[in-house]
Structures are given as C-alpha cells and as structure tokens.
Amino acid sequence: MRWSLTAIALAFIALFLCLPLLLIITAAFAKGWSAYWSELTDHDTLSAIKLTLLTALITVPLNTVFGIAAAWAITRFEFIGKSLLTTLIDLPFSVSPVISGLIFVLLFGKQGWFGDWLYAHDIKIIFAVPGIVIVTLFITFPFVARELIPLMQEMGNEEEEAALSLGASGWKTFLFITLPNIKWALLYGILLCNARAMGEFGAVSVVSGHIRGLTNTLPLHVEVSYNEYNSVAAFASASILAGLAIVTLILKSFLEWQQAHDRA
Amino acid sequence: MSQSRIMPGFRPALGFTLFYLGLVVLIPLSTLIFKSLQLGWQDYVNIITHNRVLAAFRVSFVTALVAAAIASFFGFIIAWVFTRYSFTGKKLMDALIDLPFALPTAVAGIVLATIFQPSGILGKFLIDSFNLRIAYTPSGIVVALIFISIPFVVRTVEPVLQEFDSRMEEAASSLGATRLQVFTKIIFPNIFPALLTGFALAFARGVGEYGSVIFIAGNIPYISEIVPLLIVTKLEQYEYAGATAIALTMLVISFALLLFINLLQMWIRKRSGQL
C-alpha cells in the first residue's frame, strides 16, 4: 500500500510538475544558446521585461502599504462592519481574471463611464500602461493584507500597549514592536503579491491591447510569440517567468521555515 | 480582544483602507452591476440563453468539475504520502506542489499545450497507444485545470491530515478494526470536510481560469470554448452588453461558491471544536 501510493504521488508530480519545467528549458534552448540569447535581448522582449518590472514596482509597494493599514485597523480596533470589511478585501480573489479586466474597460474604455472625458483630455488608460498598472493593482490587492490579518490577530496587542504606555510614539511602536513581529509574514505577502503582479495574464491581456514593444508585459509577450509559432521566443520569455516562479518557491519555503522557527 | 484606548492610528488606518478599497475594488466592481442594469431583463435573458453562451457555461462547469474531482483524488493521495511517509526528496516535492500558484498561467498554458499536442511528448504517446486526443478537445481543458487545481487540494488537506489524532486510529485498530475500516470509518470522515473545501476552491478557480486553458483548449465554439474566452471574444467585437451580461452571471455564481466555501469552513471549525 505504502509503495503504490508513494509511486502514484511521485508519478503525478513528475508528469504534471517536473515535466513542464524540463520542457520549458529544452524548448527555450531548442536552437542553441545563441538563439536563446538573441530572443532574450530582442527589443520587444526587453521592453516587455521593463514593463513587467515597472508594473510590479508600482503595484507591490501600494498594496503593501494598504495591507499594513488594513491589518492595523482590523486587528487593533473594534468597529461595526469589521467582518464585512475582511470579506470585501478578499473579493478580487474570487473574480475571474478576465472579468477583472472587463470592469476596467467598462470604466475607462471608449464606451465606458469616463470614456468621453478621457478622450476629450487625450488621456489613454485602456490599451496603455496605466490600465495594466490599475488592473494589476486590483488583481494583487488582497495578498499582503490576508497574510498579516490572521497573524496580527493571533499576536494580540499587549506588547504594543506596553510600549505605548511607557511613552513610545505610535510610529516608534510600529517600527520597533509590530514590524519585527510581522516581518516574515509581511515579506511572504509581498513575495506572493510580486509573483502575481509579474505573472498576471488574463486581466492584463484584456486591457493591454497587445501593442508590441509598448503594452506587452512578459506573459503577454509569451502569448504573442507562441501564437506566431516562434517557439524559441515564447519559451525564452517563459524561462524567465519560470525562473521567477522557482525563486519565489525557494523564498517561500525559506519564509515558511522562518515563521515556524519564530513560533517555536 | 478588548478595545484599546491608547492604540493610535485608528482613523488614518481605517480611512486609508476604506478609501483605497473603494477606489481599487468596489467602484470598479460596481460598474459591472450598473452596466448590467442598463440592459433590460429581456436583453439579458436573450444574451445568456444564446446557444453558444449556454454551451460555454456547460464546457466551463463540466470541465472544472471533472478537473476538481480528479485533482481531489490525486491531491488526497499526495497529501497522504507527504504526511504519513518519509522518503528522500520529500521537502523538494512538497515545495514543488505550489508551482501552479507561482508559475504564470500563460507559461503553464503553452507548456501543457506543447506536451499534449499531437506531436508532443505525451500527446503523441496517448494518441499512438490509446487513440486519446487531449489537446484541442475538452480533455485538454481538464488537463490544464487539474494542473491549476492540485495545490488547492493538497494545501487544504495536508494540515488536517497532519493534525489528525492518530490515537483514534490506534484505538480503532486495537479494538479489531481492519485497515480499510479504520480508513473509511475514522480517517476519511474526519478529512472529508477539508477535502470538500479543497474541491470547492479548485472548482471556483477552475471556472474562472483563462491563461492556462486557452492554449490547449482549441477554443472551438460549442465544444471547447470556455466562458472567460467568450467574454474576451465579445469584448474584441465591441459587444460590451454581451460581455457584461455573461460576466455578471459568472460573478454571481463565483460569489455563491465563495459563500458556500465560507459556510463549509465555519462548519468544519464548529465540528473540530466539538471533537
């Protein structure tokens, strides 16, 4: 029983998880190192990488600040509607990526609510970089908050109250008491938020317009290259994203280990 | 926790939270509802009951159900093996389970399509030996959704199996229960709520999934066209009313699922409190 179950589990992992990773590498290097390298340093690939980094650089800090503020308000105070607020924060996770994109088209698109106004003022949001950033903000909205809320709830606020009653300022208390206690969970939330911000496809694809070199993020560049039967280009870009996923998993294991270590 | 009088920052923290939540999430989501209200009831019904739309809903729900069921079966075995047995490389395998969470869906999509296409490594093997076509059929959608679903099941079942009190098992077997009886009467009933939660999470995610599916699905209308793709197609043809009506229907179903999952988890907590 033991061996057959282990064999089934390992066979599943090998087929569904290991094989895809191996295939990305072999397909990316199918025409050799130089073909791989020239695809990676291609102008469109580089601009896709830049846009992906830019998007993450804007959205991750904003959602981090929000996550900390939301966790502070929810876990340190009692107020009416608290559980509703907690539910609303998780809302973006239950919305299909495509629908997340659609709602911003309905807001900022040509026929959208602000469409005429934006057109009159010559501001482009949909099929432009701002749309990609806004939709990513929506998609990655809950990540930091949902890591911090349960942890800070469990921690209680005795330590903070002690510091405050001894005369520490609010910011000082946060920096020297709260932050050290939540740092691993905070980093964990930031890590997951960043992975999703860089990897989001469906929502971004709806608002991007797929303009090469301008509004293609790296995941969109993967799609465009694949649909043009440029396999090496598609898998070269995919290899960067797979590398990002591997790094994310390694850091994730490390942070989980740290959190368990701190609790013990 | 009692209300703290000296704790600072309530107004700015809550104020910013509500402002940001409203701006980024609530106002955008509400446009979907307002936009649908502009549609008359008859228009809405006409859009939703169109054959192609109904077919897409059927494809999305059936494939997500089948995939969540298969993922629940294998996910349970994987969680079981991880918590009960030890072998070299277990830590690495365990970390790898989260790959579908971390790998961008477009990457998963092109990789699975490449593996299962008729000339691909597994696709060729399955056609040659079993005459089984995976890519560009509804089975392809199921395969992509199994990939996406597996961590949901493993990660919800694993902690419950870990905390499972083995004294109950020992008591049962010392009273003469067979191994099968211990499993069906003691272990499985205790794990089942978690397994159901994992199944529901996987199903909810699968119904809305887009990136990993569209490359392998073939996207043939009436056969392998999923609802999210139909929304995108309508948008590309500037049929905003159609896209909105379909999206709102999907959203309502997702929220109903979410409510079901939350109730399920409340029920589990209550049950485990009683044990």
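How far apart are the centres of domain 1 of chain A and domain 2 of chain A, taken over C-alpha atoms? In this predicted model, 29 Å separate the two centres. The domain assignment places residues 1-30 of chain A in domain 1 and residues 32-263 in domain 2. The contact between these parts draws on seven residues from domain 1 of chain A and ten residues from domain 2 of chain A, and on the side of domain 1 that touches domain 2 the residues divide into seven nonpolar, no polar and no charged. In chain B the assignment gives a domain 1 that covers residues 8-38 and a domain 2 that covers residues 40-274, with C-alpha centres that lie 30 Å apart.

The secondary structure of chain A comprises 13 helices and zero strands, and from the N terminus on its elements therefore read as an uninterrupted run of α, given that helices and strands are the elements numbered here. Chain B likewise has 13 helices and zero strands. Along the principal axes, the C-alpha atoms of chain A fill a box of roughly 65 × 65 × 35 Å, while those of chain B fill a box of roughly 70 × 65 × 35 Å. Of the 264 residues in chain A, 47% are buried, and of the 275 residues in chain B, 41% are buried. When contacts in chain A with a separation of 6 or more are considered, 75% of them involve residues 24 or more positions apart; in chain B, 77% of the contacts between residues at least 6 apart in sequence join residues at least 24 apart.

The two chains meet through an interface in which 68 residues of chain A are in contact with 64 residues of chain B. On the side of chain A that touches chain B, helix 1 (residues 2-28) gives the most, with 14 residues. By class, this side of chain A has 49 nonpolar, twelve polar and seven charged residues.

Helix 1 of chain A was examined further. At 1.5 Å a residue, its 27 residues should span 39 Å, and the end C-alpha atoms of helix 1 are 38 Å apart, which agrees with that expectation. Helix 1 of chain A nevertheless contains a kink of about 35 degrees, centred on A:A14. The buried residues of this helix are A:A9, A:I13, A:F16, A:P20, A:L23, A:I24 and A:A28. Within chain A, the buried residues of helix 1 pack against helix 2 (32-40) and helix 13 (231-263); in chain B, they pack against helix 3 (51-84), helix 4 (90-96), helix 6 (105-116) and helix 8 (138-163).

The largest nonpolar core holds 154 residues, of which A:L102 and B:I231 touch the most other members. Leaving aside neighbours within four places in sequence, B:I231 is in contact with A:V98, A:I99 and A:L102 from chain A, and with B:A243, B:I246 and B:A247 from chain B.

In helix 13 (residues 240-274) of chain B lies B:L248, which counts as buried because 20 C-beta neighbours are found inside 10 Å. Not counting residues up to four places away in sequence, B:L248 touches B:L32 and B:S36. B:L248 and B:F74, which are 174 residues apart in sequence, are separated by 33 Å in space, C-alpha to C-alpha.

Two loop residues of chain A were noted for their backbone conformation. Most residues other than glycine have a negative phi. A:D122, although not a glycine, has a positive phi of about 60 degrees; A:D122 lies in the loop between helix 6 (115-120) and helix 7 (129-139) of chain A, and it counts as exposed because it has 6 C-beta neighbours inside 10 Å. A:Y229 is not a glycine either, and has a positive phi of about 60 degrees. The loop that holds A:Y229 runs between helix 12 (218-227) and helix 13 of chain A, and with 8 C-beta neighbours inside 10 Å, A:Y229 counts as exposed.

Terms used
Residues numbered from 1 in each chain as written. Chains lettered and ligands numbered in written order. Predicted model: local features only at pLDDT ≥ 70, side-chain atom pairs only at ≥ 80, totals over all residues. Domains from an automatic or database assignment. Helix = DSSP H or I, 4+ residues; strand = E, 2+ residues; numbered from the N terminus. Nonpolar A, V, L, I, M, F, W, Y, C, P; charged D, E, K, R; others polar. Expected span 1.5 Å × (residues − 1). Bend = angle between axes of the 7 residues up to and from the residue. Buried ≥ 20, exposed ≤ 12 C-beta atoms within 10 Å, placed from the backbone. Core = buried A, V, L, I, M, F, W, Y, C linked by C-beta atoms within 7 Å.
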